[in-house]
Amino acid sequence: MMRTAVPPVACVGEPRLTAGFAEYGRLDLAAHEEVHGPIGPMEPAQLLRLAEGMQLKGKGGAGFPFARKLRAVLESCERQDLAAVVVVNASEGEPASWKDKVLLTRAPHLILDGAALAAYALDADEIVIGVADDGVGRDSLMEALEERRMPVLTTIVTVPHRFISGEGGALVNGINGLPHIPPGTKKRSSDSGVSGLPTLLSNAETYAQLAVGARLGPYEYAALGTDDEPGTVLLTVTGAAGRPAVVECTAGMPLRDVLDLCEVPETQGILMGGYHGKWITPEAAEKAEVSRKGLAAVGGTLGAGIIVPLGVDTCPLGEAAQVVRYLAGESAGQCGPCKMGLPDLARALDLAVAGSQPADVVRAAAGEVKGRGACSHPDGTARFALSAIEVFTEDLRMHSTGDGCGRRVKGVMGLPGAPDANPQKLTLDWSRCDGHGLCAHVVPDFIRLDANGFPAFPPTPVPTWLREGALKAVKVCPELALRLAKAE
């Protein structure tokens, strides 16, 4: 799904965040007030009770309780005798996610309502909204700010559209004029964030949900959803879906209802939660409910509400390997597990797909980075890779023989850029090969010698990072037996 146009929006059940979309498309201030009604400021204790009563958790992926963040900032302001800053993270750096873009482009006033509520309760000096530099949503947000009066100075900061730029610490760094990367040391923005002030930092959908809850009250808000997770959830459904969409659904609803709405065909597996999420099997998807608790029960995760089903016509491990390579390239490069460990993990998974290494090497590489990074990026990447080899066990078995699964990588994971437009594989002219073995010495990761001393290699395309080595192997073959040809 290219980030040049906002995808369709659908709803299963009662619309809240998406209320009025069918009638108005984008809600300007007049339409917003007609659909959602008025809203007034709240004192700190009142807003805390609301957030606790709603059981509001962050919608950016981590699911941290909003009331705890709010209380931490209030206490920090009092302890340090400093003013607060409210930050809205609408950067949405993950390529597979679109839900915050939908809110920015179609319901910007809900986001601004929630931020204004928090700013008033905290007596904040400033609201800062971080948006990506891909151009989606910024104009709509600026138009909304021109239509209304915010309680404090409200500014928009543009963030590079990179995966790690959406991490909370990276966003604060960017606002402070530093590189848009995680700080490298774990520190609480509630103590020292923007300009060194106590900072309330949360996701765009979180503030929008707060605005909905402020109008409904905690009891009516909990009329939808589950006891543990009241309200609705925004999901981005892409991948093999016949109708990719951003979907609002009631928490606790069967996942199957969402998949059917988006016309998801037969699948090999479904990625839940995005690139730092986990894969689940088709069987698990039939039993799953859309909630943090319901997805955890089947081995998945809700994360940032991203759902990427894989059709039966693509190589699942090859798709996963592409994502791990992308995530390795998104490293901030400031700690060893990220700078060196993630490329090693990407390499291990590539070689497992090529049939050149067992899955244990992938597990070992993932174990080297888990729990050791300066931010959550290594942990999330390791979780994704491990989940792939656990769910796609049959595909892994076929690849381990060196023959592959017979399916091409179609690039359906929503990564920026196109998949390899010119996949190439090695071929051997047996009438010429004399078994010199030079090729195996040049690119041992892909070519090995069999028991008779002749080269053996997978029929799968050569990984892009081994392409140069494969070309050298072709050039050093004294009999001109080895060739690099376009993979069909």
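**Entry 1. Tyr207 and the core around it**

I began with Tyr207 and listed what it touches, leaving out residues up to four places away in sequence. The list holds Phe66, Val86, Val87, Val88, Leu110, Ile111, Gly114, Ala115, Ala118, Leu200, Leu201 and Ser202. I note that the model is a predicted one.

Next I looked up the core that Tyr207 belongs to. It is the largest nonpolar core and has 57 residues. Tyr207 is one of those with the most contacts inside it, along with Leu47, Val86, Leu122, Ile127, Ile129 and Leu200. I then asked which elements give two or more residues to this core. They are the helices α3 (44-54), α4 (66-80), α5 (99-106), α6 (108-122), α7 (138-147) and α9 (204-221), and the strands β2 (85-90) and β3 (126-132). Helix α6 gives the largest share, ten residues.

Another core lies apart from this one. I found 43 residues in it, including Trp279, Ala348, Val353 and Leu415. I wrote one general remark beside this: in soluble globular proteins, nonpolar side chains tend to be buried together.

**Entry 2. The whole protein**

I turned to the overall numbers. I counted 19 helices and 14 strands in the protein. The C-alpha atoms fill a box of roughly 85 × 45 × 35 Å along the principal axes.

How does the radius of gyration stand against that of a compact globule? For 488 residues the globule value would be near 23 Å, and the protein has 25 Å, which agrees.

Of the 488 residues, 56% are buried. The accessible surface comes to about 19900 Å², and carbon and sulfur atoms hold 51% of that. I also looked at contacts with a separation of 6 or more: residues 24 or more positions apart account for 71% of them.

**Entry 3. Salt bridges**

I found 21 salt bridges in the structure, and I looked at three pairs.

The side chains of Glu143 and Arg26 meet at 3.7 Å, N to O. Glu143 lies in helix α7 and Arg26 in the loop between α1 (21-24) and α2, so this pair ties together parts that are 117 residues apart in sequence. Glu143 is partly exposed at 39% relative accessibility. Arg26 is also in the partly exposed class, at 22%, and I checked that against the cut-off, since buried means under 20%.

Arg256 and Asp260 form a bridge with their closest N and O atoms 2.9 Å apart. Both residues lie in helix α10, four residues apart, which is about one turn of the helix. Arg256 is partly exposed at 23%, and Asp260 is partly exposed at 45%.

Arg363 and Asp360 form a bridge as well, with 2.8 Å between the closest N and O atoms. They share helix α15 (residues 359-369) and sit three residues apart, again about one turn. Is Asp360 buried or exposed? Asp360 counts as exposed, at 54% relative accessibility, while its partner Arg363 is partly exposed at 39%.

I also noted a network: Arg79, Arg188 and Asp191 are joined by salt bridges that share partners.

**Entry 4. Loops and backbone angles**

I looked up residues other than glycine that have a positive phi. Ser195 has a phi of about 55 degrees. Ser195 sits in the loop between α8 (168-175) and β5 (199-203) and is exposed, with a relative accessible area of 60%.

Glu263 also has a positive phi, near 55 degrees. Where is Glu263 found? Its place is the loop between α10 (255-261) and β8 (267-272). Glu263 is partly exposed, at 46%.

Pro38 is in a loop too, the one between α2 (29-36) and α3. At 77% relative accessibility, Pro38 counts as exposed. I took one distance from here: the C-alpha atoms of Pro38 and Tyr219 are separated by 18 Å, with the two residues 181 apart along the chain.

**Entry 5. A nonpolar patch on the surface**

Last, I looked for nonpolar residues on the outside. Leu438, Val442 and Val476 form a nonpolar patch on the surface, and together they have about 200 Å² of accessible area. Leu438 lies in helix α18 (residues 438-442). I looked up how far Leu438 is exposed, and the relative accessible area is 41%, so Leu438 is partly exposed.

Methods:
Residues numbered from 1 in each chain as written. Predicted model: local features only at pLDDT ≥ 70, side-chain atom pairs only at ≥ 80, totals over all residues. Heavy atoms only, no water. Patch = residues over 30% accessible without salt bridge, like charges linked within 9 Å, V, L, I, M, F, W, Y side chains within 5 Å. Areas by Shrake-Rupley, 256 points an atom, 1.4 Å probe, with all protein chains shown as cover. Salt bridge = Lys/Arg side-chain N within 4 Å of Asp/Glu carboxyl O. Buried < 20%, exposed > 50% of the residue type's maximum accessible area, 1.4 Å probe, protein only. Rg over C-alpha atoms; globule rule 2.2 N^0.38 Å. Contact = heavy atoms within 4.5 Å. Core = buried A, V, L, I, M, F, W, Y, C linked by side-chain atoms within 4.5 Å.
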